[in-house]
Amino acid sequence: MDSLSNHVFNYVYANAFCMAAIAILLYKQLKVFNETPVQKSFSHVLIIQLAYFFSCIVLILVMNGNLPKSIPIIYCVDMTNFGLFAICAFKAFLYLELYQDAEELKNKRTLIFLPFLINISLLVTTPLTGLYFSVTDDLTVKFGILWKVMLAINCLYPAAALMSFLYRNRNKTFAEKITQFKVSIAFPLFFIACGPLQTIDWRIPILCYGLTLADIFVYIHYTDILMREKNIALEKEKIAAEEKSKAKTAFLSSMSHDIRTPMNAIIGFTDLAMKDVSDTERVTDYLAKIKASSSHLLSLINDVLEMSRIESGKIELDESLCSLPKILHDLNTIIIGQAEAKQQELFMDAVGVTNENIICDKLRLNQILLNLLSNAIKYTQAGGKIFVKVSQHEGAPEGYGKYEIRVKDNGMGMTQEFSETIFEAFTREKTSTVSGIQGTGLGMAITKRIVDLMHGTIEVITAPGEGTEFIVRANFRIAQDDDKDFSIAELKGIHALVVDDDFDACDGVAKMLSAFGMNPSWTLSGKEAVLRAKHSGEVGEKFGLYVIDWKLPDLGGLEVVRQIRKIVGDKPVIILMTAYDWVSVKDEALEAGVNAFCNKPVFRSELHQTLLNTIGRQLQKEKQCDKNISDDISDLEGKKILLVDDIDVNREIGTAILEMSGFEVETAINGEDAIEILKNKGAGYFDVVLMDVQMPVMNGYEATAAIRQLKNKKLANVPILAMTANAFDEDIKAAFAAGMNGHIAKPIDIPKLMEELKKVLA
């Protein structure tokens, strides 16, 4: 220590102090703020500065003779010191440009790196050229002709960063400039101010203290930003938590009312039925109301359970080949009764679909459509209109179809504020006590989660009193064999007339007929259709085909058919389009002169098939139709069933239902009891076993597995149907995996129960 002069000691001490300060900052930076590219760049600056300060200490000790001193050593430590200073300036520039999201880093890399590379190249060659500095024989350092150029290059980067800051902040307010100043100005000023100082005695202490202060400013700025961001985030989380808590409280309050309403009805009508048990008519009415209330209560419970499953991540898509026509026709069958009950008009349009067979989760797609349509019916006044439009657009990836589903109504609509939260769980704009409309408020949240699972989007367009439109967009895989030639040689050039009061329907069907090779035209009026039929021969466009909607506002579809038949006779083909159950009007329609029926929404494949069948030309390969299971169960009478359930009420209800259908029923209280009864009765005694799943002692899966392992193969192969409240997809799969032959969900749907029994006993 005594060998060091005071000024050398002070300079070494200054650098060591700064190294300690920078090391502490670097430790905190790496521990807390090393997440973004900007923060990582700042960490690189600190690391280079540590190395630079250490090289300053070594340089001071060498130049003052406290460490070995020779020409190679002086070259080495000087070059290292200047090189680290250059790298430090370059890293500071990169940090500042990243901080300001500068695109120049990407677009002008060559201009950014070139001065740095020139500087480093000349520095490395300086022992040979002496361009930057040289060391004489007496171990003194002489500056070369490019020494000032090197200093200028080293100051070029902080100067460029300073100019960049001034340019990018030229339009900002003074307060914003001050905020940016804390970070964007500290580094450049210290580099520019301290860089040109040429003597070690002055340059090193001032520069190391200056850079350390600049680092501290930056770190304090980071801390300030982080704390403000954390406080804002915490405030947002607090507000969100409070809103969610309020929403859940409101939800539980409204759910309490919504659940109690059907429960009160069930209990009340049950009491009345018990009092009036001798009055068959009243009891029948009470039971109908009990059943309706039970169905509503079940739908409420299902919504809550479904939302719980989705939020826990237990729901997965089960994709398979599906037919869009079948999905929409089934949907129409399910929903049309609800619309008719409120005197609402339901319009379905799918004329823009070219690929009708898709790969998707049919159950979940049905759920989306049912939720949207049920809401439309629920929140649309009597006499309102509901529109469903399915279309296909270009732009899908190879092998996929880009589909859009629009469900629109002219009902009560929603406020803009509520429409922004409609897809959140536990939210409803009005409780049922205010609106008179019951529900969980989970339908749209469930729909949104399913659409997300399908990697699709859903949006809502609405305004109070102006109705609501939901738009779902998703890409579905299309079947490989879905693209075929639809032209029909026998119909080529034949004139056809489409009659429908809906423009889109007319236009869509006309385009389909054009694809078949026909020459179509259309009209929106039944009266005009009759007139055109009357004058068709005169204008040279005798129609060979009429496609007429059943519900026309002026004459009505069947009356139009009757009048056209009187004019044109029996030769032209007349197809009746209807969105309703055509069976109810079949006889009257055939009598009026209708040749065939086509369900709405009209799909190209179905219209094509109808035409082929109608003109007497069958497809070479007709699609296999699902075989309808007969409701006649007379051949099942006397069959013996073992009903396994641990709950007395369930066994009593199940026994009553089965015995009314002609079955002989015996019961077991758990899986172990069922196995003993089967063994005692022997093979062939029971025709089928109805097995609950969740039971004490031995559950249904375990019991089924044990039965399948019995040595008596005939007894081991007895048909077993799961009859359980576990009604989700994975439960059905688990039932089959355990060795069961089918699955029936509770509460029991009697027609479905008979259908499943028919399958295993037929």
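Begin by selecting strands β3 (residues 320-323) and β5, which pair in the antiparallel sense over 4 bridges. This is a predicted model, and every stop on this tour should be read with that in mind. Within this pairing, serine 320 stands opposite cysteine 360 in β5.

Keep β5 (residues 357-360) selected and show its side chains, since Asn357 and Ile359 point one way from the strand while Ile358 and Cys360 point the other way, and all are buried. In general, the side chains of a regular strand alternate between the two faces of the sheet. Now add strand β9 (residues 468-478), which pairs with β5 in the antiparallel sense over 2 bridges; in β9, the bridge partner of isoleucine 359 is arginine 477.

**The whole chain**

Before moving on, zoom out to the chain as a whole, which has 26 helices and 19 strands. Colouring by burial will show that buried residues make up 45% of the 762 residues in the chain. Among contacts between residues at least 6 apart in sequence, 70% join residues at least 24 apart.

**Two loop residues**

Next, select threonine 380, which is found in the loop between α12 (362-378) and β6 (385-393). Is threonine 380 buried or exposed? Threonine 380 has a relative accessible area of 1%, and because anything under 20% counts as buried, this residue is buried. To see what surrounds threonine 380, show the residues it touches, leaving aside those up to four places away in sequence: Lys342, Gln344, Lys385, Ile386, Asp409, Asn410 and Gly411.

From there, go to methionine 414, whose place is in the loop between β7 (400-409) and α13 (416-419). Methionine 414 is buried as well, with a relative accessible area of 8%. If you draw a distance from its C-alpha to that of glycine 467, the two are 7.6 Å apart in space, although 53 residues separate methionine 414 from glycine 467 in sequence.

**A pair of helices**

Select helix α2 (residues 37-63) and helix α3 (residues 71-99), whose axes come within 8 Å and cross at roughly 160°. Angles over 145 degrees count as roughly antiparallel, and α2 and α3 are therefore roughly antiparallel to each other. Turning the view so that one helix lies in front of the other, you can follow how α2 passes α3 in a left-handed crossing. The residues of the contact of α2 with α3 divide into 24 nonpolar, 6 polar and 2 charged.

**A covered strand**

Now select strand β12 (residues 543-549), which is mostly covered, with 6 of its 7 residues buried. Strand β10 (residues 495-499) pairs with β12 in the parallel sense over 5 bridges, and the bridge partner of valine 498 in β12 is valine 547. Another pairing of β12 is with strand β13 (residues 573-578), where 5 bridges join the two strands, which run parallel. In that pairing, aspartate 549 stands opposite methionine 577 in β13.

**An open sheet and its helix**

Further along the chain, select the 5 strands that form an open sheet in the order β16-β15-β17-β18-β19, with parallel pairing. Which strands stand at the edges of this sheet? They are β16 (664-668) and β19 (742-745), each with a single partner strand, so one side of each is left without a neighbour in the sheet. Looking across the sheet, you will find that the twist averages 25° from one strand to the next.

To examine one pairing in detail, show strand β15 (residues 640-644) with β16, which run parallel and are joined by 5 bridges; the bridge partner of lysine 640 in β16 is glutamate 664. Then add helix α26 (residues 750-761), which lies across β15, β17 (688-691), β18 (720-724) and β19, running at about 140° to β17.

**The last stop**

Finally, select helix α22 (residues 671-681) and helix α23 (residues 700-708), whose axes come within 8 Å and cross at roughly 25°. Angles under 35 degrees count as roughly parallel, and α22 and α23 are therefore roughly parallel to each other. The crossing of α22 and α23 is right-handed, and the residues to display are Gly671, Ile675 and Leu678 of α22 together with Ala703, Ala706 and Ile707 of α23, which make the contact. By class, this contact of α22 with α23 has 5 nonpolar residues, 1 polar residue and no charged residues.

Key:
Residues numbered from 1 in each chain as written. Predicted model: local features only at pLDDT ≥ 70, side-chain atom pairs only at ≥ 80, totals over all residues. Heavy atoms only, no water. Axes fitted to C-alpha atoms, helices over the stretch in contact; angles between N-to-C directions. Parallel < 35°, antiparallel > 145°, perpendicular 65-115°, else oblique. Left-handed = near helix turned anticlockwise from the far one by under 90°. Contact = heavy atoms within 4.5 Å. Nonpolar A, V, L, I, M, F, W, Y, C, P; charged D, E, K, R; others polar. Pairing = 2+ DSSP bridges. Buried < 20%, exposed > 50% of the residue type's maximum accessible area, 1.4 Å probe, protein only.
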